[in-house]
Amino acid sequence: MSLDDDGDAVAGPSLEAALEAILMVVDEPVAEVTLAQVLERPTHEVAAALRGLAAEYTASGRGFDLREVAGGWRFYTRADCAPLVERFVRDGQQTRLTQAALETLAVVAYRQPVSRARVAAIRGVNSDGVMRTLVARGLVEEAGTDPESQAVLYRTSSYFLERLGLRDLSELPELAPFLPDDVENLEETTQ
């Protein structure tokens, strides 16, 4: 509730309207606790309102979703509308990662924190250029240094989680179904 020039109470926007207004302008997911602080409302009320809005948008078949990813909430294009938005934004041009970048990103995601040297050892090729590209795109970030070798360590960023639609790394798919049957022999021969 806010006050007008005469000091009289004036009803502000509803909690849902306030959340929509804030989430409309963010460029990365916003945590429930942050929204609660800004709106001066209890976190459990904000969480309930966010879940209610998400359900409402889904039920009404809107062109967007409200999703909880990477520790916060953000609007996303609904999956069946994504091709239309992509065509509008990119005018048919795709900016996809190369095979080398995807391989490197997978190594970082599953082995993090990891050094460039370890990534290169796993891939069998120098990955310095690819790592620079992944850092520049915001998918990978520095995570300190290795106490023994002093090598810079890398991890995936919250933007990586956001782009993949994951809440955290525990939602990464298991690798076992994609590994060869004789993975033990492969490990022994590469060491």
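**Exercise 1. Two helices in contact**

Find which residues of helix 5 meet which residues of helix 6, then describe the packing.

*Solution.*
Step 1. Locate the helices. Helix 5 spans 99–111, and helix 6 covers residues 116–123. Helices (H or I, at least four residues) and strands (E, at least two) are DSSP runs, numbered from the N terminus.
Step 2. List the contact. Helix 5 contributes Ala 100, Glu 103, Thr 104, Val 107, Val 108 and Arg 111. Helix 6 answers with Arg 118, Val 119, Ile 122 and Arg 123. Contact means heavy atoms within 4.5 Å.
Step 3. Sort by class. There are 5 nonpolar, 1 polar and 4 charged residues in the contact of helix 5 with helix 6. Ala, Val, Leu, Ile, Met, Phe, Trp, Tyr, Cys and Pro count as nonpolar, Asp, Glu, Lys and Arg as charged, and the others, Gly among them, as polar.
Step 4. Add the geometry. The axes of helix 5 and helix 6 come within 10 Å and cross at roughly 115 degrees. Axes are lines fitted to C-alpha atoms, for helices over the stretch in contact, and angles run from 0 to 180 degrees between N-to-C directions. The crossing of helix 5 and helix 6 is right-handed. A crossing is right-handed if the near helix is turned clockwise from the far one by less than a right angle, and left-handed if anticlockwise.

Before going on, note that this is a predicted model: local features need pLDDT of at least 70, side-chain atom pairs count only at pLDDT 80 or more, and totals for chains, interfaces and linings use all residues. Residues are numbered from 1 along each chain as its sequence is written, and side-chain values use heavy atoms, with hydrogens and water left out.

**Exercise 2. A second helix pair**

Describe how helix 1 and helix 2 pack, and name the residues that make the contact.

*Solution.*
Step 1. Take the geometry. Helix 1 (residues 15–25) and helix 2 (residues 32–39) have axes 11 Å apart, at an angle of about 115 degrees. Their crossing is right-handed.
Step 2. Name the residues. Helix 1 uses Leu 15, Ala 18, Leu 19, Ile 22 and Leu 23. Helix 2 uses Leu 35, Val 38 and Leu 39.
Step 3. Sort them. The count is 8 nonpolar, no polar and no charged.

**Exercise 3. Buried or exposed?**

Decide whether Leu 23, Glu 40 and Ala 117 are buried or exposed.

*Solution.*
Step 1. Fix the cut-offs. Buried means under 20% relative accessible area, exposed over 50%, partly exposed in between (1.4 Å probe, protein chains only).
Step 2. Take Leu 23, in helix 1. Its relative accessibility is 2%, so Leu 23 is buried. Beyond its neighbours within four places in sequence, Leu 23 touches Val 30, Leu 35, Leu 50, Leu 66, Trp 73 and Phe 75. Leu 23 and Phe 75 are 52 residues apart in sequence, yet their C-alpha atoms are 6.8 Å apart.
Step 3. Take Glu 40, in the loop between helix 2 and helix 3 (43–60). Its relative accessible area is 72%, so Glu 40 is exposed.
Step 4. Take Ala 117, in helix 6. The value is 57%, so Ala 117 is exposed.

**Exercise 4. Strands and sheet**

Work out the strand order of the open sheet and explain why strand 5 and strand 6 each have one side without a neighbour.

*Solution.*
Step 1. Read the order. The 3 strands run 5-7-6, with antiparallel pairing. Two strands pair if DSSP finds at least two bridges between them.
Step 2. Find the edges. Strand 5 and strand 6 (140–145) stand there, each with a single partner strand, so one side of each lacks a neighbour in the sheet.
Step 3. Check one pairing. Strand 6 and strand 7 (residues 152–156) are joined over 4 bridges. Thr 145 has Val 152 of strand 7 as its bridge partner.

**Exercise 5. Unusual backbone**

Find where Ala 70 and Pro 113 lie, and state what is special about the backbone at each.

*Solution.*
Step 1. Recall the rule. Most residues other than glycine have a negative phi, and most peptide bonds are trans.
Step 2. Ala 70 sits in the loop between strand 3 and strand 4. Its phi is positive, about 50 degrees, although Ala 70 is not a glycine.
Step 3. Pro 113 is in the loop between helix 5 and strand 5. The peptide bond from Gln 112 to Pro 113 is cis, with omega near -5 degrees.
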